[in-house]
Amino acid sequence: MEAFLVSAGLVAVAEIGDKTQLLAMILASRYRRPVPIILGILVATLANHALAAAVGAQVAAWVGPQTMRWTLAVLFLAMAAWCLIPDKAEDGPKAVGRAGAFLATAVAFFLVEMGDKTQIATVGLAARFQDIVTVTAGTTAGMLLANVPAVLCGDLLSRKIPLKLVRTVAAAAFAILAVLTVGGLEMGLF
């Protein structure tokens with residue numbers, strides 16, 4: 001349960017203000033069909049994060065526990081710094097073509113998520129917990145927690161929640177995870 005909750009919480013907070021959340025708002029305003037957009041986000045995230053989690057688990061199996069501990073700590077600190085850098089709508093794709101809402105969302109989300117901070121966080125979380133399914137489920141739940149409200153009422157939310165505060169909270173969460181990893185306080189995983 002820890003792997004699921006940590007993965008969901010970190011990704012949900014890290015996703016706020018991210019380019020994929022901005023993409024969700026853009027697609028929602030373009031298509032005005034929330035169900036296919038939400039399903040597209042779900043499919044794209046499951047595929048993308050399952051691949052990322054598989055990579056993370058494999059890396060953890062290849063390297064020793066001490067190397068993994070320090071690698072994860074550095075990765076989580078890098079994620080903390082990255083969370084402080086705001087994304088812009090221009091960072092996403094310029095057009096989604098003539099595809100329907102589901103296909104446009106699935107393809108755009110999968111591509112935009114490549115190399116994104118939440119995908120890299122998924123790699124690190126899977127390496128830390130060595131549980132591909134639970135981490136993928138958690139990070140996907142976190143993506144949905146952040147993006148479903150963006151699809152349903154993104155304009156209102158963006159005016160009510162200061163993104164600088166959200167980025168700071170996400171950075172702090174990743175920094176705390178880095179400290180816990182170095183301190184060996186992750187429930188005997190290393």
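What follows is a walk through a predicted model, from the whole chain down to one helix pair. Local features here need pLDDT of at least 70 and side-chain atom pairs count only at pLDDT 80 or more, while totals for chains, interfaces and linings use all residues. Residues are numbered from 1 along each chain as its sequence is written, and side-chain values use heavy atoms, with hydrogens and water left out.

Let's start with the overall picture. The chain has eight helices and zero strands, where helices are DSSP runs of H or I with at least four residues, strands are E runs of at least two, and both are numbered from the N terminus. Of the 190 residues, 44% are buried, meaning under 20% relative accessible area with a 1.4 Å probe and protein chains only (exposed is over 50%, partly exposed is in between). About 9,100 Å² of the chain is exposed, and carbon and sulfur atoms supply 72% of that; the areas come from the Shrake-Rupley method with a 1.4 Å probe. Now take contacts, which are heavy atoms within 4.5 Å. Among those with a separation of 6 or more, 91% join residues 24 or more positions apart.

Next, helix 6, residues 117-129. Its 13 residues should span 18 Å at 1.5 Å a residue, and the end C-alpha atoms are indeed 18 Å apart; the expected span is 1.5 Å times one less than the number of residues. Because 11 of those 13 residues are buried, helix 6 is largely enclosed by the rest of the structure. The buried set includes Lys 117, Gln 119, Gly 124, Arg 128 and Phe 129. Just after helix 6 comes Gln 130, with a positive phi near 50°.

So what does helix 6 pack against? One partner is helix 3, with the two axes 7 Å apart at an angle of about 40°. Axes are lines fitted to C-alpha atoms, for helices over the stretch in contact, and angles run from 0 to 180 degrees between N-to-C directions. Helix 3 and helix 6 are therefore oblique to each other, since angles under 35 degrees count as roughly parallel, over 145 as roughly antiparallel, 65 to 115 as roughly perpendicular and the rest as oblique. On the helix 3 side, the residues that meet helix 6 include Asn 48, Ala 52, Gly 56 and Ala 60; on the helix 6 side, they include Gln 119, Thr 122 and Ala 126.

Finally, zoom in on Asn 48, which sits in helix 3 (residues 34-62). Asn 48 is buried, with a relative accessible area of 0%. Not counting residues up to four places away in sequence, Asn 48 touches Phe 110, Glu 113, Met 114 and Gln 119.
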